[in-house]
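Please open the structure in a viewer with the sequence panel visible. The tour below proceeds by selections, each followed by a description of what is found there.

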Amino acid sequence: PVSATYGMRSGKEIGVTITNPVSSIEIKSAKFVAASAKVNVPVNIEVVTGDKATGVQIKNTSGSDIGKTQISKIKNADGTITWVYSIKIGTAGNNRQFNVYAVDGKGGVSEPKAISINVTLI
């Protein structure tokens, strides 16, 4: 939690505690299933989250959401959730970087997990 003190017009101060929604949502791991990808050809990403996650966001290095298709969602015996998504990457490059986030239905977002892959032209 983050604490802050705000002044009021009456001269009295109040203390406010803001709870960071990141704390309850976690991403355990994220990886590309394949060693490399081709431009505009689907490639799968496997993500393992804590049990509070209701979905996953994938963003490029500019912070833009990457379109994705959910392939599967499995609740594991240890309480984690394994998600598999398919994405298409539109630009070739070595070590293309992406950030993966776990999200919940209340607007909470985890810390990012960085993943990378080499993408070649077809």
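Begin by selecting the four strands that form an open sheet in the order β4-β10-β9-β6, with mixed pairing. Strands here are DSSP runs (E, at least two residues), numbered from the N terminus, and two strands pair if DSSP finds at least two bridges between them. β4 (36-38) and β6 stand at the edges with a single partner strand each, so one side of each has no neighbour in the sheet. From one strand to the next the twist averages 40 degrees, where axes are lines fitted to C-alpha atoms and angles run from 0 to 180 degrees between N-to-C directions.

Before proceeding, note that this is a predicted model, in which local features need pLDDT of at least 70 and side-chain atom pairs count only at pLDDT 80 or more, while totals for chains, interfaces and linings use all residues. Residues are numbered from 1 along each chain as its sequence is written, and side-chain values use heavy atoms, with hydrogens and water left out.

**Within the open sheet**

Select strand β9 (residues 93-103) and strand β10 (residues 113-120), which run antiparallel and are joined by six bridges. Arginine 96 has isoleucine 117 in β10 as its bridge partner.

Next, select asparagine 60 in strand β6 (residues 55-60). Asparagine 60 counts as buried because its relative accessibility is 18%; buried means under 20% relative accessible area, exposed over 50%, and partly exposed in between (1.4 Å probe, protein chains only). Leaving aside residues up to four places away in sequence, asparagine 60 touches Ile66, Gln97 and Phe98, a contact being heavy atoms within 4.5 Å.

**The aromatic pairs**

How many aromatic pairs does a search of the whole structure find? It finds two. Rings of Phe, Tyr and Trp (its six-membered ring) pair if their centres lie within 6.5 Å; planes under 30 degrees apart count as stacked, over 60 as edge-to-face and the rest as tilted.

Select phenylalanine 32 and phenylalanine 98: the ring centres are 6.0 Å apart and the planes stand at 70 degrees, so this pair is edge-to-face. The pair links distant parts of the chain, 66 residues apart, with phenylalanine 32 in strand β3 (residues 27-32) and phenylalanine 98 in strand β9. Phenylalanine 32 is buried at 9% relative accessibility, and phenylalanine 98 is buried at 2%.

Then select tryptophan 83 and tyrosine 85, a stacked aromatic pair with 6.3 Å centre to centre and 15 degrees between the planes. Tryptophan 83 is buried, with a relative accessible area of 1%, as is tyrosine 85 at 4%.

**Strand β8 and its partners**

Extend the selection to strand β8 (residues 81-87), where seven of the seven residues are buried, so the strand is largely enclosed by the rest of the structure. Ile81, Trp83, Tyr85 and Ile87 lie on one side and Thr82, Val84 and Ser86 on the other, and all are buried.

Add strand β5 (residues 43-49), which runs antiparallel to β8 and is joined to it by seven bridges; isoleucine 45 stands opposite tyrosine 85. Add also strand β7 (residues 69-75), antiparallel to β8 over six bridges, with serine 72 bridged to valine 84. β7 and β8 form a hairpin with five residues between them, and glycine 79 in the turn has a positive phi of about 95 degrees.

**Charges over rings**

Finally, select lysine 68, which lies over the face of tyrosine 85 at 5.6 Å from the ring centre. Lysine 59 lies over the face of tyrosine 101, at 5.8 Å from the ring centre. A charge sits over a ring if NZ of Lys or CZ of Arg is within 6 Å of the ring centre and within 35 degrees of the ring normal.
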